[in-house]
Amino acid sequence: MSPDRALPRPEGAVPPGPPAHATLLVADIERFSARDGADQMRTREALYDEFRAAFTEPLWSSCAHEDRGDGLLVVVPGQVPKSVVLGDVLPRLDAALGRRRRGDPLLRLRVAVHAGDVHLDAHGIGGHAVIRAFRLCDSEPLRKAVAAARGDLAVLVSETIHEDVVRGGYPGIAPQAFHAVDVRVKETAVRAWLHVPGDEDAARRVAAGTSPGPAATAGTSPGPAATAADREAPREGGLSFSAGGDLRVGPGNNFAGRDVRVGEHPRPRRWWRP
(Lines give C-alpha, C1' and ligand atoms only; values in the text may rest on other atoms or scores of the structure.)
Protein backbone atom coordinates (compact mmCIF):
# COMPACT_ATOMS: atom_id res chain seq x y z
CA MET A 1 0.00 0.00 0.00
CA SER A 2 1.43 3.39 -0.93
CA PRO A 3 1.92 6.07 1.76
CA ASP A 4 -0.73 8.25 0.12
CA ARG A 5 -3.35 5.51 0.49
CA ALA A 6 -2.25 4.65 4.03
CA LEU A 7 -2.60 8.23 5.23
CA PRO A 8 -4.89 10.87 3.71
CA ARG A 9 -3.18 14.22 3.25
CA PRO A 10 -5.97 16.74 2.74
CA GLU A 11 -4.98 20.27 1.88
CA GLY A 12 -4.56 22.43 4.97
CA ALA A 13 -4.54 19.54 7.47
CA VAL A 14 -0.95 18.66 8.41
CA PRO A 15 1.57 19.48 5.65
CA PRO A 16 4.73 17.40 5.28
CA GLY A 17 7.85 19.09 6.58
CA PRO A 18 7.91 21.33 9.67
CA PRO A 19 5.49 20.40 12.47
CA ALA A 20 2.10 22.07 12.54
CA HIS A 21 -0.14 22.71 15.53
CA ALA A 22 -3.26 20.52 15.59
CA THR A 23 -5.92 19.05 17.83
CA LEU A 24 -5.63 15.29 18.29
CA LEU A 25 -8.39 12.78 18.98
CA VAL A 26 -7.55 9.18 19.72
CA ALA A 27 -10.46 6.73 19.87
CA ASP A 28 -10.34 3.13 21.04
CA ILE A 29 -13.17 0.56 20.91
CA GLU A 30 -13.82 -1.16 24.22
CA ARG A 31 -13.43 -4.96 24.20
CA PHE A 32 -12.62 -5.02 20.50
CA SER A 33 -10.40 -8.11 20.72
CA ALA A 34 -13.25 -10.12 22.30
CA ARG A 35 -15.24 -9.92 19.02
CA ASP A 36 -14.88 -12.42 16.21
CA GLY A 37 -13.32 -11.36 12.90
CA ALA A 38 -16.55 -10.53 11.07
CA ASP A 39 -17.85 -8.52 14.02
CA GLN A 40 -14.57 -6.62 14.28
CA MET A 41 -14.83 -5.52 10.67
CA ARG A 42 -18.46 -4.40 11.10
CA THR A 43 -17.46 -2.51 14.23
CA ARG A 44 -14.62 -0.74 12.46
CA GLU A 45 -16.97 0.36 9.69
CA ALA A 46 -19.46 1.62 12.27
CA LEU A 47 -16.69 3.56 14.03
CA TYR A 48 -15.77 5.43 10.86
CA ASP A 49 -19.41 6.06 9.98
CA GLU A 50 -20.09 7.65 13.38
CA PHE A 51 -16.93 9.76 13.32
CA ARG A 52 -17.67 11.07 9.83
CA ALA A 53 -21.19 11.98 10.90
CA ALA A 54 -20.04 13.60 14.15
CA PHE A 55 -17.42 15.71 12.39
CA THR A 56 -19.69 16.39 9.39
CA GLU A 57 -18.24 15.78 5.94
CA PRO A 58 -16.51 19.15 5.33
CA LEU A 59 -14.61 19.03 8.63
CA TRP A 60 -13.82 15.31 8.33
CA SER A 61 -12.38 15.88 4.85
CA SER A 62 -10.08 18.60 6.19
CA CYS A 63 -8.61 16.27 8.85
CA ALA A 64 -5.80 13.77 8.58
CA HIS A 65 -6.59 10.39 10.10
CA GLU A 66 -4.75 7.17 10.72
CA ASP A 67 -6.27 3.76 11.30
CA ARG A 68 -5.20 1.84 14.42
CA GLY A 69 -7.09 -1.43 14.00
CA ASP A 70 -9.24 -1.18 17.11
CA GLY A 71 -9.45 2.60 16.91
CA LEU A 72 -8.24 5.65 15.06
CA LEU A 73 -6.27 8.86 15.31
CA VAL A 74 -7.82 12.05 13.96
CA VAL A 75 -5.68 15.15 13.42
CA VAL A 76 -7.80 18.30 13.29
CA PRO A 77 -6.01 21.24 11.60
CA GLY A 78 -5.01 24.10 13.83
CA GLN A 79 -7.31 26.61 12.15
CA VAL A 80 -10.33 24.69 13.48
CA PRO A 81 -11.22 25.99 16.96
CA LYS A 82 -10.71 23.40 19.70
CA SER A 83 -14.05 24.43 21.15
CA VAL A 84 -15.74 23.03 18.02
CA VAL A 85 -14.23 19.61 18.72
CA LEU A 86 -15.33 19.56 22.36
CA GLY A 87 -18.58 21.51 22.07
CA ASP A 88 -19.94 20.19 18.77
CA VAL A 89 -18.20 17.03 17.56
CA LEU A 90 -18.07 15.05 20.79
CA PRO A 91 -21.70 15.76 21.80
CA ARG A 92 -22.84 14.60 18.36
CA LEU A 93 -20.72 11.47 18.73
CA ASP A 94 -22.16 10.73 22.17
CA ALA A 95 -25.73 11.12 20.90
CA ALA A 96 -25.02 8.81 17.96
CA LEU A 97 -23.51 6.15 20.22
CA GLY A 98 -26.63 6.29 22.37
CA ARG A 99 -28.83 5.69 19.34
CA ARG A 100 -26.70 2.68 18.39
CA ARG A 101 -27.92 0.88 21.50
CA ARG A 102 -31.02 0.08 19.47
CA GLY A 103 -28.92 -1.36 16.65
CA ASP A 104 -25.82 -3.42 15.93
CA PRO A 105 -22.91 -3.47 16.45
CA LEU A 106 -22.69 -1.74 19.80
CA LEU A 107 -19.90 0.85 20.07
CA ARG A 108 -18.39 1.84 23.41
CA LEU A 109 -15.46 4.24 23.05
CA ARG A 110 -12.59 5.74 24.95
CA VAL A 111 -11.59 9.10 23.46
CA ALA A 112 -8.56 11.18 24.41
CA VAL A 113 -8.11 14.79 23.26
CA HIS A 114 -4.83 16.70 23.22
CA ALA A 115 -3.24 19.48 21.16
CA GLY A 116 0.30 20.23 20.08
CA ASP A 117 2.77 20.16 17.23
CA VAL A 118 2.36 17.22 14.88
CA HIS A 119 4.73 15.83 12.24
CA LEU A 120 3.59 14.18 9.03
CA ASP A 121 5.99 12.19 6.88
CA ALA A 122 5.91 9.28 4.46
CA HIS A 123 5.41 6.85 7.35
CA GLY A 124 2.45 8.57 8.99
CA ILE A 125 1.73 10.95 11.85
CA GLY A 126 4.16 11.40 14.74
CA GLY A 127 5.54 13.65 17.44
CA HIS A 128 5.42 14.03 21.21
CA ALA A 129 1.84 15.33 21.10
CA VAL A 130 0.72 12.15 19.34
CA ILE A 131 2.43 9.99 21.95
CA ARG A 132 0.76 11.99 24.73
CA ALA A 133 -2.68 11.53 23.16
CA PHE A 134 -2.24 7.76 22.90
CA ARG A 135 -0.97 7.51 26.47
CA LEU A 136 -4.06 9.35 27.69
CA CYS A 137 -6.32 7.01 25.73
CA ASP A 138 -4.57 3.98 27.20
CA SER A 139 -4.72 5.26 30.79
CA GLU A 140 -6.39 3.43 33.67
CA PRO A 141 -8.76 6.29 34.65
CA LEU A 142 -10.23 6.38 31.15
CA ARG A 143 -10.57 2.60 31.00
CA LYS A 144 -12.34 2.59 34.36
CA ALA A 145 -14.62 5.42 33.28
CA VAL A 146 -15.94 3.75 30.13
CA ALA A 147 -16.44 0.50 32.05
CA ALA A 148 -18.47 2.31 34.72
CA ALA A 149 -20.41 4.67 32.42
CA ARG A 150 -24.14 4.31 31.82
CA GLY A 151 -23.55 5.55 28.28
CA ASP A 152 -21.04 4.53 25.63
CA LEU A 153 -18.43 7.29 25.71
CA ALA A 154 -15.75 8.44 28.13
CA VAL A 155 -13.45 11.36 27.31
CA LEU A 156 -10.09 12.33 28.78
CA VAL A 157 -8.63 15.71 27.85
CA SER A 158 -5.10 16.88 28.47
CA GLU A 159 -4.12 19.77 30.71
CA THR A 160 -3.57 21.82 27.55
CA ILE A 161 -7.14 21.26 26.35
CA HIS A 162 -8.56 21.89 29.81
CA GLU A 163 -6.65 25.16 30.19
CA ASP A 164 -7.31 26.46 26.67
CA VAL A 165 -10.87 25.25 26.10
CA VAL A 166 -12.74 23.66 29.01
CA ARG A 167 -12.15 26.48 31.48
CA GLY A 168 -13.36 28.96 28.88
CA GLY A 169 -16.95 27.78 29.31
CA TYR A 170 -17.66 27.75 25.58
CA PRO A 171 -21.11 26.63 24.32
CA GLY A 172 -21.65 22.90 24.75
CA ILE A 173 -18.82 22.59 27.32
CA ALA A 174 -19.55 22.46 31.06
CA PRO A 175 -16.30 22.96 33.03
CA GLN A 176 -17.78 21.44 36.18
CA ALA A 177 -18.32 18.14 34.35
CA PHE A 178 -14.56 17.60 33.95
CA HIS A 179 -12.73 15.99 36.87
CA ALA A 180 -8.99 15.95 37.48
CA VAL A 181 -7.17 12.62 37.40
CA ASP A 182 -3.53 11.63 37.61
CA VAL A 183 -2.36 9.62 34.59
CA ARG A 184 0.65 7.32 34.72
CA VAL A 185 1.38 5.30 31.57
CA LYS A 186 4.94 4.14 30.82
CA GLU A 187 7.17 7.24 31.05
CA THR A 188 4.19 9.59 31.12
CA ALA A 189 2.95 11.04 34.44
CA VAL A 190 0.58 13.95 33.91
CA ARG A 191 -2.63 15.58 35.09
CA ALA A 192 -5.65 15.16 32.82
CA TRP A 193 -9.39 15.79 33.05
CA LEU A 194 -12.08 13.14 32.81
CA HIS A 195 -15.55 13.65 31.34
CA VAL A 196 -18.31 11.06 31.00
CA PRO A 197 -21.20 12.61 29.02
CA GLY A 198 -24.51 12.19 30.79
CA ASP A 199 -22.92 10.40 33.75
CA GLU A 200 -20.92 12.89 35.79
CA ASP A 201 -21.25 10.58 38.80
CA ALA A 202 -19.12 7.93 37.08
CA ALA A 203 -16.41 10.48 36.27
CA ARG A 204 -16.48 11.78 39.84
CA ARG A 205 -16.10 8.29 41.30
CA VAL A 206 -13.19 7.42 39.06
CA ALA A 207 -11.51 10.75 39.76
CA ALA A 208 -11.90 10.28 43.50
CA GLY A 209 -10.06 6.99 43.20
CA THR A 210 -7.00 8.68 41.68
CA SER A 211 -6.71 11.17 44.57
CA PRO A 212 -5.84 14.34 42.62
CA GLY A 213 -4.22 17.11 44.64
CA PRO A 214 -5.94 20.18 46.13
CA ALA A 215 -5.21 22.19 42.98
CA ALA A 216 -7.82 20.18 41.10
CA THR A 217 -10.53 21.16 43.56
CA ALA A 218 -9.63 24.80 43.18
CA GLY A 219 -9.96 24.59 39.41
CA THR A 220 -6.28 25.17 38.68
CA SER A 221 -3.58 22.60 38.25
CA PRO A 222 0.20 22.93 38.41
CA GLY A 223 0.54 19.40 37.01
CA PRO A 224 1.40 16.14 38.76
CA ALA A 225 5.02 17.00 39.46
CA ALA A 226 5.71 19.83 41.87
CA THR A 227 8.47 22.29 41.07
CA ALA A 228 11.72 22.23 43.04
CA ALA A 229 10.57 25.27 44.98
CA ASP A 230 7.30 23.53 45.84
CA ARG A 231 9.15 20.47 47.10
CA GLU A 232 11.51 22.52 49.25
CA ALA A 233 8.94 24.93 50.67
CA PRO A 234 8.18 24.21 54.36
CA ARG A 235 4.62 23.28 55.20
CA GLU A 236 2.75 25.40 57.67
CA GLY A 237 3.18 24.16 61.22
CA GLY A 238 6.25 21.99 60.48
CA LEU A 239 10.00 22.07 59.91
CA SER A 240 12.04 21.64 56.74
CA PHE A 241 15.53 20.13 56.60
CA SER A 242 18.20 20.44 53.91
CA ALA A 243 21.88 19.55 53.70
CA GLY A 244 24.84 20.09 51.40
CA GLY A 245 25.23 16.32 51.01
CA ASP A 246 23.10 13.34 51.91
CA LEU A 247 20.84 13.92 54.89
CA ARG A 248 21.04 10.95 57.26
CA VAL A 249 18.86 9.94 60.18
CA GLY A 250 20.74 8.35 63.06
CA PRO A 251 19.71 6.69 66.31
CA GLY A 252 17.31 8.69 68.43
CA ASN A 253 16.03 10.60 65.37
CA ASN A 254 19.29 12.52 65.04
CA PHE A 255 20.15 14.14 61.70
CA ALA A 256 23.57 14.43 60.06
CA GLY A 257 24.90 15.92 56.84
CA ARG A 258 27.00 18.75 55.46
CA ASP A 259 25.66 22.16 56.49
CA VAL A 260 22.42 20.80 57.88
CA ARG A 261 19.76 23.51 57.80
CA VAL A 262 16.59 23.86 59.80
CA GLY A 263 14.41 26.40 58.07
CA GLU A 264 16.88 29.23 57.30
CA HIS A 265 19.29 28.56 60.15
CA PRO A 266 22.56 26.83 59.06
CA ARG A 267 24.07 24.22 61.34
CA PRO A 268 27.68 23.00 61.25
CA ARG A 269 28.39 19.42 60.28
CA ARG A 270 27.66 17.43 63.45
CA TRP A 271 24.96 15.33 64.99
CA TRP A 272 21.98 17.41 65.83
CA ARG A 273 19.13 16.40 68.10
CA PRO A 274 15.79 18.17 67.51
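**Exercise 1. Establish how many disulfides the structure holds, and state the burial of C63 and C137.**

Solution. A search of the whole structure finds zero disulfides. The model is a predicted one. A disulfide is a covalent bond between the sulfur atoms of two cysteines. The search counts a pair of cysteine sulfur atoms within 2.5 Å. For the burial of the two cysteines, the cut-off is under 20% relative accessible area. C63 has 1% relative accessibility and therefore counts as buried. C137 has a relative accessible area of 4%, so C137 is buried too.

**Exercise 2. Summarise the chain as a whole: its secondary structure, its burial, its contacts and its surface.**

Solution. Start with secondary structure: the chain has ten helices and 13 strands. Next comes burial: of the 274 residues, 45% are buried. For contacts, take those between residues at least 6 apart in sequence; 65% of them join residues at least 24 apart. Last, the accessible surface is about 14400 Å², and carbon and sulfur atoms account for 51% of it.

**Exercise 3. Compare the expected span of helix α2 with the distance between its end C-alpha atoms.**

Solution. Helix α2 covers residues 37–55, which is 19 residues. The expected span is 1.5 Å times one less than the number of residues. For α2 this gives 27 Å, and the end C-alpha atoms are 27 Å apart, so the two values agree. Just after the helix, T56 has a positive phi of about 75°.

**Exercise 4. List the buried residues of α2 and identify elements that cover them.**

Solution. The buried residues are D39, T43, A46, L47, Y48, E50, F51, A54 and F55. Their cover includes the helices α3 (57–62) and α4 (82–99). Strands also take part in the cover, including β1, β2 (64–67), β3 (71–77) and β4.

**Exercise 5. Classify the aromatic pairs and say which rings they link into a cluster.**

Solution. The count comes to two aromatic pairs. In one of them, F51 and F55 are 6.1 Å apart centre to centre, with 25° between the planes. Planes under 30 degrees apart count as stacked, so the F51–F55 pair is stacked. F51 and F55 both lie in helix α2, four residues apart, or about one turn of the helix. F55 also pairs with W60, at 5.5 Å centre to centre and 65° between the planes. Over 60 degrees counts as edge-to-face, so the F55–W60 pair is edge-to-face. Through these ring pairs F51, F55 and W60 form a cluster.

Now add burial. Both F51 and F55 are buried, with F55 at 0% relative accessibility. W60 is buried as well, with a relative accessible area of 4%.

**Exercise 6. Describe the surroundings of T23.**

Solution. T23 is part of strand β1 (residues 20–29). At 2% relative accessibility, T23 is buried. Leaving aside neighbours within four places in sequence, the contacts of T23 are V74, V75, V76, K82, V85, V113, H114 and A115.

**Exercise 7. Take the salt bridges D28–R110, D182–R191 and E200–R204, and describe the burial of their partners.**

Solution. The structure holds 17 salt bridges. In one of them the side chains of D28 and R110 meet at 3.3 Å, N to O. D28 lies in strand β1 and R110 in strand β4 (residues 109–121), so this pair ties together parts that are 82 residues apart in sequence. Both D28 and R110 are buried.

The side chains of D182 and R191 also form a salt bridge, at 2.9 Å, N to O. Both D182 and R191 are buried.

In the third case, the R204 and E200 side chains meet at 3.2 Å, N to O. The two residues are four apart in helix α8 (residues 200–210), so about one helical turn separates them. Partly exposed lies between 20% and 50% relative accessible area. R204, at 39%, is therefore partly exposed. E200 counts as partly exposed too, at 29% relative accessibility. The E200–R204 pair belongs to a network of salt bridges that links E200, D201, R204 and R205.

Conventions:
Residues are numbered from 1 along each chain as its sequence is written. This is a predicted model: local features need pLDDT of at least 70, side-chain atom pairs count only at pLDDT 80 or more; totals for chains, interfaces and linings use all residues. Side-chain values use heavy atoms; hydrogens and water are left out. Buried means under 20% relative accessible area, exposed over 50%, partly exposed in between (1.4 Å probe, protein chains only). Contact means heavy atoms within 4.5 Å. A salt bridge is a side-chain nitrogen of Lys or Arg within 4 Å of a carboxyl oxygen of Asp or Glu. Accessible areas come from the Shrake-Rupley method with a 1.4 Å probe; for residues, only the protein chains shown count as cover. Rings of Phe, Tyr and Trp (its six-membered ring) pair if their centres lie within 6.5 Å; planes under 30 degrees apart count as stacked, over 60 as edge-to-face and the rest as tilted.
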